[in-house]
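Me: I should like to learn how to read the features of a small protein model, one at a time. Could we begin with the overall layout and then turn to individual residues?

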Amino acid sequence: MVEETERDGMVWYRCEECGLMFDDEGDARQHESNCDAEEPSYLQ
Ligand SMILES: [Zn+2]
């Protein structure tokens, strides 16, 4: 999901999967549909 958040008087769009922030909602949504941050077991 894309979470809307306000910071420094600007609205940002954060990918809830990996925490990446975007200043453009379209970019955030596009990233989210391609985000593969689920269960990064290889990071353990
Ligand atoms: Zn992501």
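Reply: Read from the N terminus, the elements of the protein chain follow the order β-β-β-α. That gives one helix and three strands. Please keep in mind that this is a predicted model.

Me: How are the three strands arranged in the sheet, and in which order?

Reply: The general idea is that strands of a sheet pair through backbone hydrogen bonds, in either a parallel or an antiparallel manner. Here the three strands make an open sheet with the order E1-E2-E3, and the pairing is antiparallel. Strand E1 (2-7) and strand E3 (21-22) are the edge strands, each pairing on one side only.

Me: Where does the helix sit relative to this sheet?

Reply: Helix H1, residues 25-34, packs on the sheet and touches E1, E2 and E3. The direction of H1 makes about 5° with that of E2.

Me: How many bridges join E1 to E2, and how many join E2 to E3?

Reply: E1 is joined to strand E2 (residues 10-15) by six bridges, and these strands run antiparallel. Between E2 and E3, also antiparallel, there are two bridges.

Me: Which residues of E2 are the bridge partners of Val-2, Thr-5 and Arg-7?

Reply: Val-2 has Cys-15 of E2 as its bridge partner. Thr-5 is partnered by Trp-12, and Arg-7 by Met-10. On the pairing of E2 with E3, Tyr-13 stands opposite Phe-22 in E3.

Me: Is E1 largely buried or largely in the open?

Reply: Burial is judged by counting other C-beta atoms within 10 Å, with 20 or more required for a buried residue. Of the six residues of E1, the number buried is zero, so E1 lies largely in the open. Over the protein chain, buried residues make up 7% of the 44 residues.

Me: What should I look for in the turn between E1 and E2?

Reply: The general point is that most residues other than glycine have a negative phi. In the hairpin of E1 and E2 there are two residues between the strands, and Asp-8 takes a positive phi near 55°. Asp-8 does so although it is not a glycine.

Me: Is Asp-8 buried or exposed, and why?

Reply: Asp-8 counts as exposed because it has 5 C-beta neighbours inside 10 Å, and the cut-off for an exposed residue is 12 or fewer.

Me: What does the hairpin of E2 and E3 contain?

Reply: Five residues lie between E2 and E3, and Gly-19 in the turn has a positive phi of about 90°. Leu-20 is also found in the loop between E2 and E3. With 15 C-beta neighbours inside 10 Å, Leu-20 is classed as partly exposed.

Me: Which residues does Leu-20 contact beyond its neighbours in sequence?

Reply: Leaving aside residues within four places in sequence, Leu-20 is in contact with Cys-15 and His-31. A separation in sequence may also be set beside a distance in space: Leu-20 and Val-2 are 18 residues apart in sequence and 9.8 Å apart in space, C-alpha to C-alpha.

Me: Where is Gly-26, and is Gly-26 buried or exposed?

Reply: Gly-26 has its place in helix H1. Gly-26 is exposed, with 9 other C-beta atoms within 10 Å. The C-alpha atoms of Gly-26 and Tyr-13 are separated by 9.2 Å, while the two residues are 13 apart along the chain.

Me: What can be read from Cys-35?

Reply: Cys-35 is found in the segment after H1. Cys-35 is partly exposed, with 15 other C-beta atoms within 10 Å. Residues up to four places away in sequence aside, Cys-35 touches Cys-15, Glu-17 and Cys-18. Between Cys-35 and Glu-16 the C-alpha to C-alpha distance is 9.9 Å, for a separation of 19 residues in sequence.

Me: What share of the contacts joins residues at least 24 apart in sequence?

Reply: Among contacts in the protein chain between residues at least 6 apart in sequence, 9% join residues at least 24 apart.

Methods. Residues numbered from 1 in each chain as written. Predicted model: local features only at pLDDT ≥ 70, side-chain atom pairs only at ≥ 80, totals over all residues. Pairing = 2+ DSSP bridges. Helix = DSSP H or I, 4+ residues; strand = E, 2+ residues; numbered from the N terminus. Contact = placed C-beta atoms within 7 Å. Axes fitted to C-alpha atoms, helices over the stretch in contact; angles between N-to-C directions.
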